[in-house]
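Hi,

Here is the structure I promised to pass on. Have a look at it first, and then read on for what turned up when I went through it.

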Amino acid sequence: MKRFWLIIPLALCMFAGCTGTVSEQPQTNSFFAMDTVMDLTIYGNKSLLADVETLISDLEEKVSVTDETSELYTINQTGTGTLTGSAAELMQSALAMCQRTGGALDISIYPVVRAWGFTTESYQVPEAETLEGLLAHVDYTQIRYDAETGAVSVPDGMEIDLGSVAKGFVGSRAAQYLRENGVDSALLNLGGNVQTVGCRPDGDPWKIAVKAPRGGTPMIVLSIQDQAMVTSGGYERYFEQDGNTYWHIMDPATGRPAESGLTSVTVVGDNGLACDGLSTALFVMGLEKSAALWQESDDFEAVFVTAEGDIYITAGLESNFALTEDHQDAVVRVIER
Ligand code: ADP
Ligand code: MG
């Protein structure tokens, strides 16, 4: 591993780049989509809110794993089918992310997630044999995808779920749509996947909190502008049984909740899909492998909280990072290139 520098808590620095102020009133919309509550705040024409909601529901209609009329449902039931429009784009980028993370992100993990009860909330620890049988069908490299036609085919027993990257993907698309329609300031919270457009209306960066693993109070605040910020945490969805805690982020190598010594990973970047997929994948990979991936990448920054409560941040976030008042004594280390 490269060097980690110990730093004292940092003051927030102001960014360059957001100079103008926005005079419009905020327009807000809250609705349920993709299994989560979405809160949109935009400074601009109110009608754009409905357009963004439609953009999200159009994608959901194509890639829902439970809606019998979705394109992905057909693929999962029959082993073959075609994805169209934004769903095809989503599939292509999702497969690229699986490859980039060496399979730490695997869009064919769905049957395993279901066996643990995370899709229905009737939680259980599956038998080792059951997991072994399911894992035999988890392997994104077996997915055949034709980018020209959108045709997809999967081997018998395999099912795909794009839920681990869909919110990040659609957040970026929504932001792009808003920018093209003259919006300079917006905050889209897609169930914890945060996508910003520009800065706050007063010209300051958006300040987005990361929860403390225990207690759920804000622990870290990041200042971001025009970017996505996504957190994956073992404390977001979990159950306890016989004194053990099992969470919803799976290690595709074992079919069991990923135990990498991390309790949360937050990823910041321009590409929402990359942030969404990486937050899950880096949680699986753990600190050392994640630091190595960051060192060879130039499209994201990250904050890691370890099981001991220590915080590691990548160097590019140093001036955008602050601890909240209650967590000033947390140990913070910077991961250098
Ligand atoms: P969210 O549910 O908000 O997207 P995460 O991104 O942290 O939260 O969780 C990823 C979701 O993707 C899980 O709820 C699960 O359905 C699925 N999943 C879990 N582990 C993996 C994995 N290793 N690769 C791909 N998808 C996963
Ligand atoms: Mg995710």
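Before the strands come up, one convention: two strands count as paired if DSSP finds at least two bridges between them. Also keep in mind that this is a predicted model.

With that in hand, start at strand E11, residues 228-233. Thr231 of this strand stands opposite Thr266 in E16. E11 and strand E16 (residues 262-269) run antiparallel and are joined by six bridges. E11 is also joined to strand E8 (residues 193-198), again antiparallel, by three bridges. In that pairing, Gln195 stands opposite Ala228 of E11. How many of the six residues of E11 are buried? Five are, which leaves the strand mostly covered.

Just before E11 there is a backbone oddity to look at. Asp226, in the loop between E10 and E11, has a positive phi of about 60 degrees, although it is not a glycine. Asp226 is partly exposed, at a relative accessible area of 32%. Glu121 is another non-glycine residue with a positive phi, here about 65 degrees. You will find Glu121 in the loop between helix H4 (110-115) and helix H5 (128-135). Is Glu121 buried or exposed? Its relative accessibility is 60%, so it counts as exposed.

Now the small sheets. One is an open sheet of three strands in the order E9-E10-E19, with antiparallel pairing. Its edges are strand E9 (206-211) and strand E19 (321-323), each of which pairs on one side only. Ignoring direction, neighbouring strands here are turned by 25 degrees against each other on average. Strand E10 (residues 218-224) and E19 are held together by three bridges and run antiparallel. If you want a residue pair to click on, Ile220 has Leu323 of E19 as its bridge partner.

Another open sheet has three strands in the order E4-E6-E5, also with antiparallel pairing. Why is one side of strand E4 (80-82) and of strand E5 (144-146) left without a neighbour in the sheet? Both stand at the edges and have a single partner strand each, so there is nothing in the sheet on the other side. The twist in this sheet averages 10 degrees from one strand to the next. E5 is joined to strand E6 (residues 151-153) by three bridges, and the two run antiparallel. Tyr145 has Val152 in E6 as its bridge partner. When you look along any of these strands, remember that in a regular strand the side chains alternate between the two faces of the sheet.

On to the ligand. Which residues come nearest to ligand 1? There are 16 residues around it, and Lys167, Ser232, Arg237, Met250 and Thr280 come nearest. Some polar atoms to check on screen:

- Lys167: an N or O atom in its side chain is 2.8 Å from an oxygen atom of ligand 1.
- Met250: a backbone N or O atom is 2.8 Å from a nitrogen atom of ligand 1.
- Ala104: here a backbone N or O atom lies 2.9 Å from a nitrogen atom of ligand 1.

Ligand 1 exposes 540 Å² when taken alone, and the protein buries 89% of that. Two or more residues of the shell around ligand 1 come from helix H6 (163-180), and likewise from helix H7 (272-295). H6 gives the most, with three residues.

Last, the cysteines. How many disulfides does a search of the whole structure find? Zero. A disulfide needs two cysteine sulfur atoms within 2.5 Å. The sulfur of Cys98 has its closest cysteine sulfur in Cys275, 16 Å away, so the pair is too far apart for a bond. Turn it round and the result holds: from the sulfur of Cys275, the closest cysteine sulfur is that of Cys98, at 16 Å. Both residues are tucked away from the probe: Cys98 is buried with a relative accessible area of 0%, and Cys275 counts as buried at 1%.

Have fun with it, and shout if anything is unclear.

Cheers

Technical notes:
Residues numbered from 1 in each chain as written. Chains lettered and ligands numbered in written order. Predicted model: local features only at pLDDT ≥ 70, side-chain atom pairs only at ≥ 80, totals over all residues. Heavy atoms only, no water. Buried < 20%, exposed > 50% of the residue type's maximum accessible area, 1.4 Å probe, protein only. Helix = DSSP H or I, 4+ residues; strand = E, 2+ residues; numbered from the N terminus. Axes fitted to C-alpha atoms, helices over the stretch in contact; angles between N-to-C directions. Near = heavy atom within 4 Å. Polar contact = N/O pair within 3.5 Å; in protein donor to acceptor, adjacent residues only side chain to side chain. Areas by Shrake-Rupley, 256 points an atom, 1.4 Å probe, with all protein chains shown as cover.
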